[in-house]
Amino acid sequence: MTDVVVYGATSGGVCAAVAAARAGASVVLLEPGRHVGGMTSGGLGYTDVGDVRVVGGMAGELRRAVADWYGVHVGHYAGPEPHVAEAIYLRWLDEAGVDVRFGAALAAASVVDGAIRSVELADGSQAAAAVFVDASYEGDLLAAAGVPYAVGREDRSLYGERYAGRQELVPGMHTVPPWISPFTDDGRPLPQLHDRPLAPVGSGDGGVMSYGYRVCLTTASDRVPFSRRDGYDDAYWELGRRLFDRWRRDGVEVRAGRLLGLEQNLPNGKCDGNSIGPFSLSVLDGSAWAYPTAGRAERERIRRHHLHHAQDFLWFLSHDPAVPSSVRSELSGWGYAADEFADTGHLPHQLYVREARRMLGEYVLTEHDLLPEPRPQHDVVAMGSYHVDIREVQRTWRWVAEHPKPVGMVFTEGYLSVPVRPYPIPYRALVPRFADCTNLLVPVCLSASHVAFASVRMEVQYQLLGHAAGLAAADAARTGRPVQSVDVARLQSALRDGGQVLAV
């Protein structure tokens with residue numbers, strides 16, 4: 001029987017698998033797709049770091065590996081090209097002797113006496129282990145094991161968090177300008193709107209941050225031009241036309257960079273296209289809300305909806321006559337990077353699942369652990385440092401009181417950005433309650449509130465947490481202890497030996 005099975009070859013999963021193998025464990029890494037690295041190799045090349053002082057351990061090792069690859073000093077680039085990130089991770093896995101199995105989608109988990117004995121995969125095969133790590137973005141293994149979890153925004157009253165629940169409208173670059181009508185000519189809500197009643201401000205509504213695709217673009221001569229997809233729907237982009245018309249009437253100069261973060265922010269002149277502003281690569285119609293607990297077929301439908309949105313967004317911006325000529329002209333010099341994502345039509349293999357399930361474990365990390373001052377944790381295994389970054393949750397509409405009758409108006413809601421100081425993440429947030437499961441670690445869908453998770457959810461921090469989970473899994477497998485009984489002092493010592501920063 002294998003010592004450790006890791007489910008999900010995200011950054012957290014790769015680091016967990018490699019850390020466990022380096023510690024002497026036999027490791028199998030199960031990946032439902034065909035690539036390793038999750039968002040780190042799947043489009044999010046421009047890495048969100050936070051405070052570089054706490055980026056040690058395997059996250060620091062990756063930064064050094066990237067610098068060595070390009071022959072530059074550490075931190076010269078904010079992140080690698082997607083194919084470089086994957087190449088580095090594949091090398092790590094090979095050198096550590098990790099058995100990587102692609103196309104290994106989870107079907108079920110066998111749980112006996114509060115411990116996972118094996119997992120059954122969609123192809124009918126099984127994988128058994130002493131200890132399991134759920135490093136998926138969705139938390140599918142923890143759910144299959146019967147571990148309780150939360151999805152979406154909680155009510156402010158649950159943990160007494162100031163920033164919890166549905167948000168009020170606030171001005172800013174992510175907010176749709178006022179007075180854009182939400183209705184088609186026949187009175188129906190426009191496409192790209194989430195048409196459902198609004199929860200009261202501060203109430204929990206289960207809403208998750210928007211998903212999307214981060215695209216890798218370039219101005220190189222071999223760039224792949226944007227193309228009109230079969231099935232492209234002109235009506236889907238009516239909101240964009242109204243938005244550009246509003247900006248024109250308000251005298252707002254719009255550049256492609258405001259919509260895509262269009263700059264050469266990756267090595268070799270490439271661009272990690274991000275979701276900037278109220279109209280972007282992010283899909284805000286609420287379809288992501290169903291994704292975390294959806295079945296495979298429904299998830300695939302949602303994923304393709306987001307993929308088509310990304311493809312069609314780039315075509316719309318570069319060709320629709322309603323888009324300012326300056327934007328169309330600027331985009332004419334850009335295209336997909338020819339040497340990225342060749343097997344997926346030059347669009348990323350990874351949907352940016354900003355949040356899905358969150359385990360309800362031994363300790364729930366909340367806003368109070370981060371703000372206003374970091375709360376000490378005796379069992380710290382990594383330091384978080386990125387600001388609370390809640391991306392837009394929905395684009396919807398409401399009636400605005402006007403004379404002589406109310407007026408419908410589009411708006412976006414949910415965006416929030418709150419700075420934090422470096423804070424400790426406790427080991428207890430990576431493990432279920434003892435009564436729920438004794439041999440599972442969760443470094444990605446860890447135990448946290450929606451607000452706290454919005455700070456933890458960055459790839460660098462997943463790398464730090466994966467490192468900790470991998471070492472803990474190897475120790476639990478070696479000693480036969482429940483993961484809740486791992487010697488945390490010994491774990492912390494091993495992490496420090498590996499360069500992990502546990503205090504600043």
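This is a short walk through one buried glutamine, a set of aromatic rings and two arginines that sit over rings. The model is predicted, so local features need pLDDT of at least 70 and side-chain atom pairs count only at pLDDT 80 or more, while totals for chains, interfaces and linings use all residues. Residues are numbered from 1 along each chain as its sequence is written, and side-chain values use heavy atoms, with hydrogens and water left out.

Let's start at Q394, which is found in strand β14, residues 394-400. (Strands are DSSP runs of E with at least two residues, helices are runs of H or I with at least four, and both are numbered from the N terminus.) Q394 has a relative accessible area of 2%, so this residue is buried; buried means under 20%, exposed over 50% and partly exposed in between, with a 1.4 Å probe and protein chains only. The Q394 side chain has a polar contact of 2.9 Å with the side chain of H194 and another of 2.7 Å with that of E413. A polar contact here is a pair of N or O atoms within 3.5 Å; within protein, one must be able to donate a hydrogen and the other to accept it, and residues adjacent in sequence count only if both atoms are side-chain atoms. Leaving out residues up to four places away in sequence, Q394 also touches others (heavy atoms within 4.5 Å), among them R153, D205, W289 and F411.

Now for the rings. The whole structure holds 17 aromatic pairs. In one of them, the ring centres of F244 and W247 are 5.7 Å apart and the planes meet at 70°, so the pair is edge-to-face. (Rings of Phe, Tyr and Trp, the last by its six-membered ring, pair if their centres lie within 6.5 Å; planes under 30 degrees apart are stacked, over 60 edge-to-face and the rest tilted.) Both residues lie in helix α6, residues 238-249, three residues apart, about one turn of the helix. F244 is buried at 3% relative accessibility, and W247 is buried at 3%.

F279 and F316 are also edge-to-face, because their centres are 6.0 Å apart and their planes at 80°. F279 lies in the loop between β9 and α8 and F316 in helix α8, so this pair ties together parts 37 residues apart in sequence. These four residues join Y236, W237 and F313 in one aromatic cluster.

Finally, look at the arginines. The charged end of R22 sits over the ring of W92, 5.6 Å from its centre; this requires NZ of Lys or CZ of Arg within 6 Å of the ring centre and within 35 degrees of the ring normal. R398 lies over the face of F411, at 5.2 Å from the ring centre, and F411 is one of the residues that Q394 touches.
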